Amino acid sequence: MTISTQRYCTRRHALAMVGLMAGALAMPMLATAQTPTPIVIKFSHVVADQTPKGQGALKFKQLAEKKFPGRVQVQVFPSSQLFGDGKELEALLLGDVQMIAPSLSKFDRYTKKIQIFDLPFLFDDIAAVDRFQASAAGKSLLTSMSNRGLLGLGYWHNGMKQMSSNQDKLVRPADVKGLKFRIQSSDVLEAQFRAIGASPQKMSFSEVYQGLQTGVVDGQENTWSNIYSQKFFEVQKTIAETNHGVIDYMVVTNAKWWNALPADIRTGLGEAMSEATVHANKLSAQFSAADRQKVITAGRAKVQPLTKEDLAAWRKAMEPVLKKFEGDIGRDLIDAALKSNQ
């Protein structure tokens, strides 16, 4: 090999080594420049966007995506677009969705203690419900289903329940005797309507309007927000202002999925949920008053006020329900709830 040829080979080898080193240095830079796949959170619920729950879900989306731009994406599916209220818990446990906000009644198969929220005439008003949920006893229920794969992130208010029927009179328990009432799937609610002589019929929320319209059921119980947004007032003759119970929601996630999230994501999402909860609960109070007035203004159903004597008759008729479920729920929890009324 000549000297010139030897110099040429040495130079080419040196250039090749420089190229390899440059490539090696460039590879991690390219990898870090790649956009990470965002964490997608499917938030499914069964009511309309314009309800307090619907607005709470949209607020959570806004706050979560603002905290983690490009890292978290929240997809909200209202009005049973993905799953009805009979399937959403199963979907959550299977990982098909990451967050749902069912009525508290839906959790009685996971813990009997949650039945406390279905007991009739336990809370005087929504402020008492709020105080109980903010107490140590109320907060303990959020984590009471972790061993079953469910983790509560917060309580969202809907409001106090009113009773409606397709009859002209709805003042005392005798006025519902023999009537068919739609209920959520709940042993407590079933016992409640049996106690007043009515026939409880379990039915998905999305089927209630048609059920009332066709006479499959004669009546139902619900909040002013749901009565108005779902147009139940169009297919009922009388709505009695009983305020006999509460419909609230628990925003719940898959415990295993949540615990596998990066710590900073969990913290940030928890903060977003707290802010969304305040927003949703503030709206709930506003919606309740406004939707009540809208129902009255529409004039399709008579809104029946009740006297203290009328309410006392309803309370007395439903009193055996509290005694029946005291063993499952726990006297200590019931006492904590009653204390919230003071």
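**View 1. Ser80 lies in the loop between S2 and helix H3 (88-94).** Before you look closer, keep in mind that this is a predicted model. Is Ser80 buried or exposed? Its relative accessible area is 19%, and the cut-off for buried is under 20%, so Ser80 counts as buried. Check the backbone here too: the phi angle of Ser80 is near 60°. That is a positive value, and the residue is something other than glycine.

**View 2. Here we look at Val76, which has its place in strand S2.** Strand S2 covers residues 72-77, and the loop with Ser80 runs between S2 and helix H3. Val76 has a relative accessibility of 17%, so it counts as buried. Which residues touch it, if we leave aside the neighbours within four places in sequence? Val76 is in contact with Phe43, His45, Ala57, Leu58 and Lys61. Now pick out Ile41: from Val76 it is 35 residues apart in sequence, yet the two C-alpha atoms are 8.4 Å apart in space.

**View 3. Phe121 sits in the loop between strand S3 (99-100) and helix H4 (126-134).** What is the phi of Phe121? It is about 55°, a positive value, although Phe121 is not a glycine. With a relative accessible area of 10%, Phe121 is buried.

**View 4. In this view, helix H6 packs against helix H11.** H6 takes in residues 187-195, while H11 takes in residues 308-329. The angle between the two helices is about 145°, and their axes are 8 Å apart. Is their crossing left-handed or right-handed? The crossing of H6 and H11 is right-handed. On the H6 side, the residues that meet the partner helix are Asp187, Val188, Ala191, Gln192 and Ala195. On the H11 side, you'll find Ala317, Met318, Val321, Lys324 and Phe325. Sort the residues of this contact by kind and you get 7 nonpolar, 1 polar and 2 charged.

**View 5. Let's zoom in on Gln192, a residue of helix H6.** How much of Gln192 is accessible, in relative terms? The value is 0%, so Gln192 is buried. Now see what surrounds it, not counting residues up to four places away in sequence. Gln192 touches Asp118, Pro120, Lys161, Glu221 and His244. It also touches Met318 and Val321, and both of these belong to the H11 side of the helix contact in View 4.

**View 6. Lys177 is found in the loop between strand S5 (162-165) and strand S6 (180-183).** Is this lysine buried or exposed? Lys177 has a relative accessible area of 67%, so it is exposed. Skip its neighbours within four places in sequence, and Lys177 is in contact with Ile196 and Gly197. Phe193 is worth finding as well: Lys177 and Phe193 are 16 residues apart in sequence and 9.2 Å apart in space, going from C-alpha to C-alpha.

**View 7. Our last close-up shows Asp332 in helix H12.** Helix H12 is made of residues 331-339. Asp332 counts as exposed, because its relative accessibility is 58% and the cut-off for exposed is over 50%. How far is Asp332 from Gly178? In sequence they are 154 residues apart, and in space their C-alpha atoms are 35 Å apart.

**View 8. Now zoom out and take in the whole protein chain, with its 12 helices and 11 strands.** The radius of gyration of the chain is 28 Å, well over the 20 Å that the globule rule gives for 342 residues, so the chain is more spread out than a compact globule. Along its principal axes, the C-alpha trace spans about 115 × 45 × 30 Å. Buried residues, such as Gln192, make up 48% of the 342 residues. The chain exposes about 16,400 Å², and carbon and sulfur atoms supply 54% of that area. Finally, think about contacts between residues at least 6 apart in sequence: 75% of them join residues at least 24 apart.

Terms used
Residues are numbered from 1 along each chain as its sequence is written. This is a predicted model: local features need pLDDT of at least 70, side-chain atom pairs count only at pLDDT 80 or more; totals for chains, interfaces and linings use all residues. Side-chain values use heavy atoms; hydrogens and water are left out. Axes are lines fitted to C-alpha atoms, for helices over the stretch in contact, and angles run from 0 to 180 degrees between N-to-C directions. A crossing is left-handed if the near helix is turned anticlockwise from the far one by less than a right angle, and right-handed if clockwise. Contact means heavy atoms within 4.5 Å. Ala, Val, Leu, Ile, Met, Phe, Trp, Tyr, Cys and Pro count as nonpolar, Asp, Glu, Lys and Arg as charged, and the others, Gly among them, as polar. The radius of gyration is taken over C-alpha atoms; the globule rule is 2.2 Å times the number of residues to the power 0.38. Buried means under 20% relative accessible area, exposed over 50%, partly exposed in between (1.4 Å probe, protein chains only). Accessible areas come from the Shrake-Rupley method with a 1.4 Å probe; for residues, only the protein chains shown count as cover.
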